[in-house]
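Biologist: I should like to understand how the labels attached to a structural model are justified. May we go through some of them, one at a time?

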Amino acid sequence: RSDITLTGFAVNALGSGCTVFLLYVICNDKGISSSLASKVLPKVNLPLIQDIPFVGKVLSGHNIMTYVAFLLIIVIYWLVNKTPLGLRIRAVGENPHAAESVGIKVTRIQLIAMLISGVLAGMAGALYGLNFSTVAASKFKFDTSILVLVFVVLGGIGNIRGSIISATLLTILPELLRAFANYRMLIYAIVLILVMLATNNP
């Protein structure tokens, strides 16, 4: 048995290596997928909503994967908070030794949680990749994973709503700070530190 945090980093490193390897196997290029013909997933226009000024542009006309992602938020929230499996996952996450003492198979639950997380991460990567005309390994760097971890920590570990709010604000904030040019990342870092102090989630 190994530390679950170290295992997570190892799987992340494995994923990064597999990205480069698969690009080379499929595209015969280690860095970019320009030689690969990309298929376009359909966009969904929501009836009635698409005709509402401003709101229609924000909520309608997105890739079908976007709506699947929103649906999965509800599904995962229900799974984690309303099912016996979700209770076991939360128990193992909080205190694996205590969970094991009441008969929960910790290793099995950890594997299930990692499998679910891997599927969701894969879907997120696919949706992220659709924003680019070509997919390059350099666009899926380790700091992208760290940024996602920051979203979760600042939002409150185990708090889905907090993570959504944190991800939304920390994605919009760098764009709002572009006018400050070289000072943008400094201000961004200061805001992160203040948020960590305010939420007591360092």
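Biologist: What makes the approach of the S60 side chain to the backbone nitrogen of L46 a polar contact?

Modeller: In this predicted model, the side chain of S60 comes to 2.8 Å from the backbone nitrogen of L46. A polar contact requires N or O atoms within 3.5 Å, one able to donate a hydrogen and the other to accept it, and therefore the pair qualifies.

Biologist: Why is S60 called buried?

Modeller: The relative accessible area of S60 is 8%. Buried means under 20%, so S60 falls in that class. S60 sits in the loop between α2 (55–59) and β2 (62–63). Residues up to four places away in sequence set aside, S60 touches V44, N45, L46, Q50, V55 and Y67.

Biologist: How do you know that G86 is buried?

Modeller: G86 has a relative accessible area of 0%. The limit for buried is under 20%, and therefore G86 meets it. G86 belongs to helix α4 (residues 84–94). Apart from neighbours within four places in sequence, G86 is in contact with L79 and V80. The C-alpha atoms of G86 and I76, which are 10 residues apart along the chain, are separated by 9.0 Å.

Biologist: Why is M123 described as partly exposed?

Modeller: The value for M123 is a relative accessible area of 25%. Partly exposed lies between the buried limit of under 20% and the exposed limit of over 50%, so M123 receives this label. M123 is part of helix α6 (residues 106–129).

Biologist: What does M123 touch, leaving out residues up to four places away in sequence?

Modeller: M123 touches M65, V68 and L72. As for M65, its C-alpha atom is separated from that of M123 by 8.2 Å, with their positions 58 residues apart along the chain.

Biologist: Which class of exposure does I112 belong to, and why?

Modeller: I112 is also located in helix α6. Its relative accessible area is 27%. Neither under 20% nor over 50% applies to this value, and therefore I112 is partly exposed. I112 and I89 are 23 residues apart in sequence, and their C-alpha atoms are 8.6 Å apart in space.

Biologist: Why is L197 called exposed?

Modeller: L197, in helix α9 (residues 184–199), has a relative accessible area of 64%. Exposed means over 50%, so L197 qualifies. L197 also helps to make a nonpolar surface patch of about 760 Å², together with F180, Y183, L186, I190, I193 and L194.

Biologist: What makes the group containing F151 a nonpolar core?

Modeller: The group consists of F151, L154, L170, L173, L177, Y188 and L192, 7 residues in all, and is the largest nonpolar core. Such a core is a set of buried residues of listed kinds, joined through side-chain atoms within 4.5 Å; Phe, Leu and Tyr are among those kinds, so this group fits the term. Two or more residues of this core come from each of α7 (142–155), α8 (160–176) and α9. A second, separate core has 6 residues, including I89, V92, A99 and I104. In soluble globular proteins, nonpolar side chains tend to be buried together.

Biologist: What share of the whole protein counts as buried?

Modeller: Of its 202 residues, 18% count as buried. The protein exposes about 14600 Å², and carbon and sulfur atoms supply 70% of that area. Its elements comprise 9 helices and 2 strands.

Methods: Residues are numbered from 1 along each chain as its sequence is written. This is a predicted model: local features need pLDDT of at least 70, side-chain atom pairs count only at pLDDT 80 or more; totals for chains, interfaces and linings use all residues. Side-chain values use heavy atoms; hydrogens and water are left out. Helices (H or I, at least four residues) and strands (E, at least two) are DSSP runs, numbered from the N terminus. Buried means under 20% relative accessible area, exposed over 50%, partly exposed in between (1.4 Å probe, protein chains only). Accessible areas come from the Shrake-Rupley method with a 1.4 Å probe; for residues, only the protein chains shown count as cover. Contact means heavy atoms within 4.5 Å. Patches are made of residues with over 30% relative accessible area and no salt bridge: like charges are joined within 9 Å, nonpolar side chains (Val, Leu, Ile, Met, Phe, Trp, Tyr) within 5 Å. A salt bridge is a side-chain nitrogen of Lys or Arg within 4 Å of a carboxyl oxygen of Asp or Glu.
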